[in-house]
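Biologist: Please take me through this model, and give the reasoning behind each term that you use.

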Amino acid sequence: MSSLPRTVDFVVVGSGPGGAACAAELTRVGSVLVLEAGPDFGPFDKGGWPADLLEAFDLAESHSWGYDSGATYANRVVPFSRAKVMGGCSSHNGCAAIWGHRLDYDGWAAAGNDGWATDEIRPVLQFVSESMRVRQPGADEITPFHRTMLDAAMAVGIPMASDLNDLDDPIGMAPSPANIWNGIRWNAGFAFLDPLRGQDNLQIVGDAQVHRVVLEGNRAVAVEVRHAGSLQTIQAGTVVVAGGTYNSPEVLLRSGIGPADDLRALGIDSSLDLPGVGRNLHDHPAIYLELTGSDAMKGACSAWAETHWMPEEQTIAKLRSNQTTEAFDIHIYPEGGPYAENRTQWDFTIPVSCMTPRSRGSLRLRSANPDDGLIIDHNYLGDPDGHDLAVLVDGFRIARQLIAEANRDGLLGIEFSPGPDADDDSSVRTWIGNHVHHYFHAAGTCKMGPSDDGEAVVDARGKVHGVDGLYVADCAIMPQVPRANTNIPAAMVGARIGRWLAG
């Protein structure tokens with residue numbers, strides 16, 4: 001087990017895509033300590049990684065923070081999967097390596113965040129994609145299920161996209177670029193930190209959970225971390241918090257940075273009244289149409305899996321609802337394959353997501369005890385004008401068209417959720433409201449923006465407003481989540497801020 005240094009130039013809290021990419025950049029100019037709350041299984045080539053974190057055919061859930069919606073919904077509990085392991089969520093996600101659209105990043109810049117316009121961040125997106133070994137599967141790699149869905153898309157008038165990462169391309173369906181190498185989920189730790197392991201100025205420590213940042217006046221000077229059974233303090237010239245959309249604001253709140261009245265009510269001394277910490281929480285709300293699949297489809301996929309890699313996720317459609325004439329605001333991303341825990345059982349799902357959510361939720365501490373976790377309320381479909389629900393209703397109708405076309409020969413079997421009872425607008429809206437889920441893309445809880453924005457937490461360089469030497473470098477700073485899976489955008493944010501800090 002690695003011992004902790006007493007002082008370093010940079011402490012990076014978290015090893016997900018943002019933290020790993022940022023730490024790699026910082027090694028150019030100083031000593032760097034990466035603290036990961038979960039385990040570090042070492043470099044890929046040492047062979048110490050659990051199989052489920054490597055095998056990219058399905059999501060992995062073995063190293064999770066265990067977050068969920070708690071009592072937010074009367075009829076269900078929605079799990080909010082976040083990985084607690086080296087590489088963060090890049091070590092257990094579906095590996096979709098999507099960039100989004102020009103409007104996303106130009107929108108960040110237009111909101112007062114200079115340096116984030118599309119043409120400025122495009123080279124960084126390219127760099128992190130190459131580092132994470134992103135590639136688009138060839139025609140000979142498309143599974144029978146996903147080939148059926150691509151054919152159905154063309155039959156109903158959805159064009160084939162040549163590259164889902166064309167930032168100027170509006171709509172279309174295609175195989176998804178993915179950070180998968182020889183069937184291995186190529187996570188951010190492999191991509192950014194493995195090439196630097198062994199350098200004298202980089203130390204990576206797992207099972208080290210940061211409780212708070214220590215401030216002296218308006219400067220961050222240290223972090224307090226629980227490691228090897230004790231609470232230790234590490235002095236740092238600069239602290240970069242990259243724990244993700246849930247954990248980055250948690251660290252700030254436990255450091256006394258956040259809504260002062262809320263913190264005092266929990267018995268936490270307020271160091272800086274920054275009301276936006278934990279606010280602006282949002283995600284791409286999603287629904288899941290589920291089908292039994294036919295024996296013919298299961299047989300075709302089983303035969304395929306005998307000689308080919310069989311991923312659950314492989315294709316994405318970018319589509320427009322009736323709520324927009326710009327770019328796209330819907331993802332439909334078919335999922336089909338055997339269960340990870342039982343390879344003889346199959347499921348076929350057609351998820352639909354609103355990619356331009358207007359609903360906003362919040363995150364707050366449950367108590368002053370770091371072991372008590374968080375209260376997370378995404379407030380899905382809570383926008384007052386009903387935009388998000390309207391987008392999902394339109395997406396639901398398109399998904400039904402796709403299913404009907406793909407199921408002409410009965411290949412997809414029977415739709416058992418929602419089933420035939422959800423047909424008219426009222427029943428569809430009710431079903432969506434009762435089943436809305438998430439697309440695993442939480443963002444925004446340490447919003448980037450000018451200091452006169454009442455919800456902004458960091459400036460355009462990731463620096464926490466009012467605190468010197470303290471930065472945030474992950475999806476938490478996104479003012480609006482891009483029209484993308486956040487895997488690659490998170491790494492882009494980390495690399496961008498790391499390069500700025502490294503001069």
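Modeller: This is a predicted model. The second largest pocket holds about 350 Å³ of space.

Biologist: What lines the second largest pocket?

Modeller: Its lining consists of 24 residues, and Arg135, Pro137, Ala178, Ile180 and Trp309 are the ones nearest the centre. Strands β4 (180-181) and β13 (315-319) each contribute at least two residues to this lining. By class, the lining comprises twelve nonpolar, nine polar and three charged residues.

Biologist: Why is α3 called oblique to α4?

Modeller: Helix α3 (residues 102-110) and helix α4 (residues 118-131) pack at an angle of about 120 degrees. Roughly perpendicular covers 65 to 115 degrees, and roughly antiparallel needs an angle over 145. The angle of about 120 degrees fits neither class, and therefore α3 is oblique to α4. The axes of the two helices are 9 Å apart.

Biologist: Which residues of α3 and α4 meet?

Modeller: From α3 come Arg102, Tyr105 and Asp106, which meet Thr118, Asp119, Ile121, Arg122 and Leu125 of α4. The residues of this contact divide into three nonpolar, one polar and four charged.

Biologist: How do you know whether Ala399 is buried or exposed?

Modeller: The relative accessible area of Ala399 is 0%. Buried means under 20%, so Ala399 is buried. Ala399 lies in helix α10 (residues 387-406).

Biologist: Which residues does Ala399 touch, leaving aside those up to four places away in sequence?

Modeller: Ala399 touches Leu289, Ile332, Ile350 and Val352. Ala399 and Val352 are 47 residues apart in sequence, yet their C-alpha atoms are 7.3 Å apart in space.

How values were computed. Residues are numbered from 1 along each chain as its sequence is written. This is a predicted model: local features need pLDDT of at least 70, side-chain atom pairs count only at pLDDT 80 or more; totals for chains, interfaces and linings use all residues. Side-chain values use heavy atoms; hydrogens and water are left out. Axes are lines fitted to C-alpha atoms, for helices over the stretch in contact, and angles run from 0 to 180 degrees between N-to-C directions. Helices (H or I, at least four residues) and strands (E, at least two) are DSSP runs, numbered from the N terminus. Angles under 35 degrees count as roughly parallel, over 145 as roughly antiparallel, 65 to 115 as roughly perpendicular and the rest as oblique. Contact means heavy atoms within 4.5 Å. Ala, Val, Leu, Ile, Met, Phe, Trp, Tyr, Cys and Pro count as nonpolar, Asp, Glu, Lys and Arg as charged, and the others, Gly among them, as polar. On a 1 Å grid over the protein atoms alone, a cavity is a set of points where a 1.4 Å probe fits but cannot get out, and a pocket is an open set with protein on both sides within 12 Å along at least five of seven lines; lining residues have an atom within 4 Å of a point. Grid points are joined across faces, edges and corners, and a volume is the space filled by probe spheres set on the points. Buried means under 20% relative accessible area, exposed over 50%, partly exposed in between (1.4 Å probe, protein chains only).
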